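Hi everyone, thanks for making time. I'd like to walk you through a structure that's new to most of us, so have a look at it first.

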Amino acid sequence: MLMKRQAPLSTFRRVALNPSASDKAVLVDFYAEWCKPCKTISPLLEKLTSDETVKTGSGRSLDLVTVDTDSEFQLALRYKVRALPTVIAFKDGQKVDQFVGALNESGIRQFIAKL
């Protein structure tokens, strides 16, 4: 079973909200330890974001930030996370897209290709 490494708010700000990271897209995985679908999707996100051959439709490489909504509930509120898992994509420090629910690998690849 995959153990989640929760990103503190400072990491979220440094990675996801960095407007000068124009070569990357950042996927932010909002999860909770009690969320069973989160345990399904998180290993897929880690696999795809660690594969250097997986790029966005615009050719950017990927970073992954995981946010435990139980610990960082203010951040979840800020981004209107109402169901888990929620994955929000950021480019150039701005939110550009999101999906809610446990997509399969093909669905996640399609999401990434749109970025």
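Before anything else, a quick definition: a disulfide here is a pair of cysteine sulfur atoms within 2.5 Å. With that cut-off in mind, look at Cys-35 and Cys-38, whose sulfurs sit 2.3 Å apart, so the two are joined by a disulfide. And yes, before I go on, this is a predicted model. How many disulfides does a search of the whole structure find? Just one. The link of Cys-35 and Cys-38 is right-handed, with 80 degrees about the S-S bond. Are these two cysteines buried or exposed? Both Cys-35 and Cys-38 are buried.

Okay, let's zoom out. The protein has four helices and four strands, and if you read along the sequence you get the pattern α-β-α-β-α-β-β-α. The radius of gyration is 13 Å, close to the 13 Å that the globule rule gives for 115 residues, so the protein is as compact as a globular protein of that length. If you want a feel for the dimensions, the C-alpha atoms fill a box of roughly 35 × 30 × 20 Å along the principal axes. Of the 115 residues, 46% count as buried. And take the contacts with a separation of 6 or more: 73% of them are between residues 24 or more positions apart.

Now my favourite bit, helix α4, which covers residues 105–114. Which of its residues are buried? They're Gly-107, Ile-108, Phe-111 and Ile-112. These four cover an arc of only 140 degrees around the axis, which puts them on the same side of α4. The numbering hints at that too: an α-helix has 3.6 residues a turn, so residues three or four places apart point the same way. What do the buried residues of α4 pack against? Quite a list: strands β1 (24–31), β2 (61–68), β3 (86–91) and β4 (94–100), plus helix α2 (36–50). At the N-terminal end of α4, Asn-104 acts as a cap, with a side-chain oxygen 3.2 Å from the backbone nitrogen of Ser-106.

Next, salt bridges. A search of the whole structure finds six, and I'll go through a few of them.

Start with Lys-47 and Glu-105, where the closest N and O atoms are 2.9 Å apart. Lys-47 lies in helix α2 and Glu-105 in helix α4, so the pair ties together parts that are 58 residues apart in sequence. Both are partly exposed: Lys-47 has a relative accessible area of 45%, and Glu-105 has 23%. Arg-109 comes in here as well, in a network of salt bridges with Lys-47 and Glu-105.

Then there's Asp-92 with Arg-60, at 3.1 Å from N to O. Asp-92 is in the loop between β3 and β4, and Arg-60 is in the loop between α2 and β2, so this pair ties together parts that are 32 residues apart in sequence. Asp-92 is partly exposed at 31%, whereas Arg-60, at 13% relative accessibility, counts as buried.

One more, and it takes us back towards the cysteines in the numbering. Lys-39 forms a salt bridge with Glu-33, with the closest N and O atoms 3.5 Å apart. Lys-39 is partly exposed, at 37% relative accessible area, and so is Glu-33, at 40%.

That's my tour, so over to you for questions.

How values were computed. Residues are numbered from 1 along each chain as its sequence is written. This is a predicted model: local features need pLDDT of at least 70, side-chain atom pairs count only at pLDDT 80 or more; totals for chains, interfaces and linings use all residues. Side-chain values use heavy atoms; hydrogens and water are left out. Buried means under 20% relative accessible area, exposed over 50%, partly exposed in between (1.4 Å probe, protein chains only). Helices (H or I, at least four residues) and strands (E, at least two) are DSSP runs, numbered from the N terminus. The arc is that of the directions from the helix axis to the C-beta atoms. Contact means heavy atoms within 4.5 Å. A polar contact is a pair of N or O atoms within 3.5 Å; within protein, one must be able to donate a hydrogen and the other to accept it, and residues adjacent in sequence count only if both atoms are side-chain atoms. A salt bridge is a side-chain nitrogen of Lys or Arg within 4 Å of a carboxyl oxygen of Asp or Glu. The radius of gyration is taken over C-alpha atoms; the globule rule is 2.2 Å times the number of residues to the power 0.38.
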